[in-house]
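Visitor: I should like a close look at one part of this model, with attention to side chains at the surface and to charged contacts. Please take me through it in a connected account.

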Amino acid sequence: MLIGELSRRTGASTRMLRYYEAQGLLTAGRGPNGYRDYAEDAVVTVRQIRSLLRAGLSTEVIRSVLPCARGEQPAIHWCAELRAVLNGELEAMDEQIDALQRSRGTLADLLTPSNAS
């Protein structure tokens, strides 16, 4: 299928589809006219990518997760070392949340009436 059809079927812009391809997340063949030609399973792959992006994963991590993804949600088939990668991502998110909460607390302290002038 051409990129426009894949875009319509997944809701991803053609620009995003090209980006996914450049990041090694999506593959396309080339027709005799040079146009990208995606296989039917690209629809599920794009939906998986979008779901994993919503989970906060980087494209680099998604590249390692995709071979283990099954279905559109996606469900994860726990292939070797994947759990460790995702646990590391979860720990990094927790650290970011903690840092943001500390920053928020500092800012809130600055806004208390005793600090306001």
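Guide: A residue counts as exposed when its relative accessible area is over 50%, as buried when that area is under 20%, and as partly exposed in between. The model is predicted. L110 has a relative accessible area of 54%, and is therefore exposed, since the cut-off is over 50%. This leucine lies in helix α5, which covers residues 82-110. Together with L107 and L111, L110 makes a nonpolar surface patch of about 340 Å².

The charged contacts comprise three salt bridges in the structure. R9 takes part in a network of salt bridges that links it with E5 and E40. Within this network, the side chains of E5 and R9 meet at 3.6 Å, N to O. Both residues belong to helix α1 (residues 3-10), where they stand four residues apart, about one turn of the helix. E5 is partly exposed because its relative accessibility is 32%, and R9 is likewise partly exposed, at 33%. The salt bridge between E40 and R9 has its closest N and O atoms 2.4 Å apart. This pair links distant parts of the chain, 31 residues apart: R9 is in helix α1, whereas E40 is in the loop between β2 (36-37) and α3 (42-54).

A further salt bridge joins the side chains of E21 and R36, at 2.7 Å, N to O. Here too, distant parts of the chain are linked: E21 sits in helix α2 (residues 14-22) and R36 in strand β2, 15 residues apart.

Note on methods: Residues are numbered from 1 along each chain as its sequence is written. This is a predicted model: local features need pLDDT of at least 70, side-chain atom pairs count only at pLDDT 80 or more; totals for chains, interfaces and linings use all residues. Side-chain values use heavy atoms; hydrogens and water are left out. Patches are made of residues with over 30% relative accessible area and no salt bridge: like charges are joined within 9 Å, nonpolar side chains (Val, Leu, Ile, Met, Phe, Trp, Tyr) within 5 Å. Accessible areas come from the Shrake-Rupley method with a 1.4 Å probe; for residues, only the protein chains shown count as cover. A salt bridge is a side-chain nitrogen of Lys or Arg within 4 Å of a carboxyl oxygen of Asp or Glu. Helices (H or I, at least four residues) and strands (E, at least two) are DSSP runs, numbered from the N terminus. Buried means under 20% relative accessible area, exposed over 50%, partly exposed in between (1.4 Å probe, protein chains only).
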